[in-house]
Structure formats: structure tokens, C-alpha cells
Amino acid sequence: MVALAIIASTTAAKAQDNVETTIGADVVNQYIWRGQELGSVSLQPTLGVAYKGFSLTAWGSVGLSEPSDTKEFDITAAYSVGGFNFGVTDYWFNSPSTRYFLYDSHKTSHVFEANIGYDFGPASVQWYTNFAGNDGVNKDGDRAYSSYFEVSAPFTLGGCDWTATVGAVPFASSFYADANGFAVTNVSLKATKELKITETFSVPVFAGISANPSTEKAFFIFGFSL
């Protein structure tokens with residue numbers, strides 16, 4: 001048993017020295033983000049590379065059923081060690097401007113956000129704050145430095161991987177559906193399972209219930225990953 005443990009440890013160490021690439025896409029019946037409705041049926045591709053705790057990921061969303069849905073292109077640089085993680089994300093939306101390389105403070109469609117969090121095992125905590133770009137405003141009309149925090153807990157039940165999440169906006173910001181102060185915006189429960197197609201091929205499918213107590217809305221979400 002000791003010898004096996006040493007071999008396993010050595011193998012894991014070597015694996016961490018390799019660059020890992022992620023290519024994939026999700027198709028969802030509606031795009032719900034932190035309790036906000038951002039689109040109908042959407043295609044959401046992902047491309048990422050990771051090395052020794054560092055990662056660089058590109059993620060996007062485009063509407064399939066509604067051409068007028070918001071188009072989104074995000075780039076995230078992150079680092080994790082142990083249970084600790086932090087990162088910076090550049091969100092880009094095709095409104096108010098469709099120009100990607102426009103960074104003027106009062107015209108840009110980019111939003112820059114920093115996040116920090118810790119995974120305790122049974123549950124994880126994340127905090128997010130916008131620090132530049134097309135941020136929302138507070139009650140006085142000043143930049144809100146819009147923030148959001150959430151607690152999520154993964155568990156296994158009935159052959160599925162589940163995640164329960166509660167998220168809230170800590171103070172007033174027009175960025176989060178005109179939150180006028182502290183507001184719980186996301187209470188969700190999501191299940192994921194591998195759907196076997198053939199003996200050698202399966203597709204991850206997921207379904208979830210999400211509610212936004214602040215806006216008194218609820219959503220049923222379904223999708224699959226490629």
C-alpha cells in the first residue's frame with residue numbers, strides 16, 4: 001500500500017507539470033447568470049489552458065433562438081493553490097457598443113471584475129467585485145463597484161452530482177437588476193449526470209432550478225455539454 005501511494009503521488013506531480021487544454025461547449029435552454037436573465041436558448045463555448053495552478057480561459061455566449069440576445073465574450077486569468085483561488089475577468093457584451101477594442105471609460109462594453117474565494121471541501125465561498133469598465137451605479141449615481149458573493153455546496157445523490165448555491169448582492173447597484181441594497185439574487189439547485197449514448201460515448205446533461213428572491217422570478221434550466 002505504501003508503494004502504491006508513492007507511485008500515485010509521483011504520477012500526480014508529473015501530471016501537474018503538463019499544460020492542460022480544455023475545449024468544450026454547453027447548450028442551454030436559457031442563459032441565467034447570478035439570478036439575471038441574459039438570453040434564451042444559447043450556445044456557450046469554452047477554450048482554456050492551465051498549468052501549475054494558473055489558468056487562462058475564454059468563454060462566450062450567443063443566442064440560438066433569439067438573434068437579439070446579448071452576445072458575450074469573456075477572458076479570465078486565474079490562479080489556485082490548495083483551497084484558495086483568485087482571478088480577474090474581462091467581460092465583453094455587444095452593448096452599449098459592438099466594438100470590442102473600445103476601452104473609453106464612458107463608452108466601453110467591457111466590464112472588469114476581480115474575484116477571490118476559498119474551497120473548504122463541503123462548501124466554497126466566492127466574492128466578486130467590478131473595478132473598471134461599464135459598471136453599474138449606486139443610489140447617488142456614482143460607480144457602484146458592483147459586487148456579488150455566493151456560497152455553494154456540492155454533494156452526490158441518486159447517481160447525480162448536485163450543487164446548491166445561494167448568492168447575494170451586498171449593496172446597491174444598477175448592474176444587478178437595479179438592486180437597491182443588500183439583495184439575495186440567486187438561490188439554485190443543479191444536478192449533473194452522464195447520459196450514456198453508446199457503449200463508448202456519453203454526454204453530460206444538467207438541469208436546475210434557480211430563483212431570484214429580489215425580483216421574485218424563478219427559472220428551470222436544462223442543458224448539455226459537448
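This passage describes the fold, core and selected residues of a predicted protein model.

The protein chain contains one helix and 14 strands. Its C-alpha trace spans about 65 × 35 × 35 Å along the principal axes. The radius of gyration is 19 Å, which agrees with the value near 17 Å expected for a compact globule of 226 residues. The accessible surface of the chain comes to about 13200 Å². Carbon and sulfur atoms contribute 64% of that surface. Of the 226 residues, 35% count as buried. Among contacts with a separation of 6 or more, 38% link residues 24 or more positions apart.

The strands build a barrel. Twelve strands close into it, in the order β1-β4-β5-β6-β7-β8-β9-β10-β11-β12-β13-β14, and the pairing is antiparallel. Neighbouring strands of this sheet are turned by 20° against each other on average, direction ignored.

Strand β1 covers residues 20–28 and pairs with β4, residues 42–51. The two run antiparallel and share nine bridges. Within this pair, D26 of β1 stands opposite Q44 in β4. Strand β1 also pairs with β14, residues 217–225. Three bridges join these two antiparallel strands. The bridge partner of V28 in β14 is G223. Further along the barrel order, β5 (residues 54–63) meets β6 (residues 72–81). Eight bridges hold this pairing, again in the antiparallel sense. F54 has Y79 as its bridge partner in β6.

Attention turns next to the nonpolar residues. In soluble globular proteins, nonpolar side chains tend to be buried together. The largest nonpolar core in this model has twelve residues. Its aromatic members are Y31, W33, Y91, F93, Y128, Y148, F175 and Y176. V111, V169, A179 and A183 complete the set. Two elements give two or more residues to this core, namely β2 (31–33) and β7 (84–93). F93 is one of the core residues. Beyond its neighbours within four places in sequence, F93 is in contact with T70, K71, E72, S109 and V111. V111 is itself a member of the core.

Individual strand residues add detail. F222 lies in strand β14. With a relative accessible area of 41%, F222 is partly exposed. Apart from neighbours within four places in sequence, its contacts are V27, V28, N29, V205, F206 and A207. V28 is also the residue whose bridge partner in β14 is G223. F222 and N18 are 204 residues apart along the chain, and their C-alpha atoms are separated by 34 Å.

Strand β11 (residues 160–169) holds T165. At 10% relative accessibility, T165 counts as buried, because the cut-off for burial is under 20%. Leaving out neighbours within four places in sequence, T165 is in contact with E150, V151, S152, N186, V187 and S188.

C160 also has its place in β11. Its relative accessibility is 15%, so C160 counts as buried. With neighbours within four places in sequence set aside, C160 is in contact with F155, A191, T192 and K193. C160 and E194 are 34 residues apart in sequence. In space, their C-alpha atoms lie 8.3 Å apart.

Several loop residues carry notable backbone geometry. A cis peptide bond joins S95 and P96, with omega at about 10°. P96 lies in the loop between β7 and β8 (110–119). R34 is not a glycine, yet its phi is positive, at about 55°. R34 lies in the loop between β2 and β3 (36–39). At 10% relative accessibility, R34 counts as buried. K52 also has a positive phi without being a glycine, at about 50°. K52 lies in the loop between β4 and β5. Its relative accessibility is 46%, so K52 counts as partly exposed.

Key. Residues are numbered from 1 along each chain as its sequence is written. This is a predicted model: local features need pLDDT of at least 70, side-chain atom pairs count only at pLDDT 80 or more; totals for chains, interfaces and linings use all residues. Side-chain values use heavy atoms; hydrogens and water are left out. A nonpolar core is a set of buried Ala, Val, Leu, Ile, Met, Phe, Trp, Tyr and Cys residues joined through side-chain atoms within 4.5 Å. Buried means under 20% relative accessible area, exposed over 50%, partly exposed in between (1.4 Å probe, protein chains only). Helices (H or I, at least four residues) and strands (E, at least two) are DSSP runs, numbered from the N terminus. Contact means heavy atoms within 4.5 Å. Two strands pair if DSSP finds at least two bridges between them. Axes are lines fitted to C-alpha atoms, for helices over the stretch in contact, and angles run from 0 to 180 degrees between N-to-C directions. The radius of gyration is taken over C-alpha atoms; the globule rule is 2.2 Å times the number of residues to the power 0.38. Accessible areas come from the Shrake-Rupley method with a 1.4 Å probe; for residues, only the protein chains shown count as cover.
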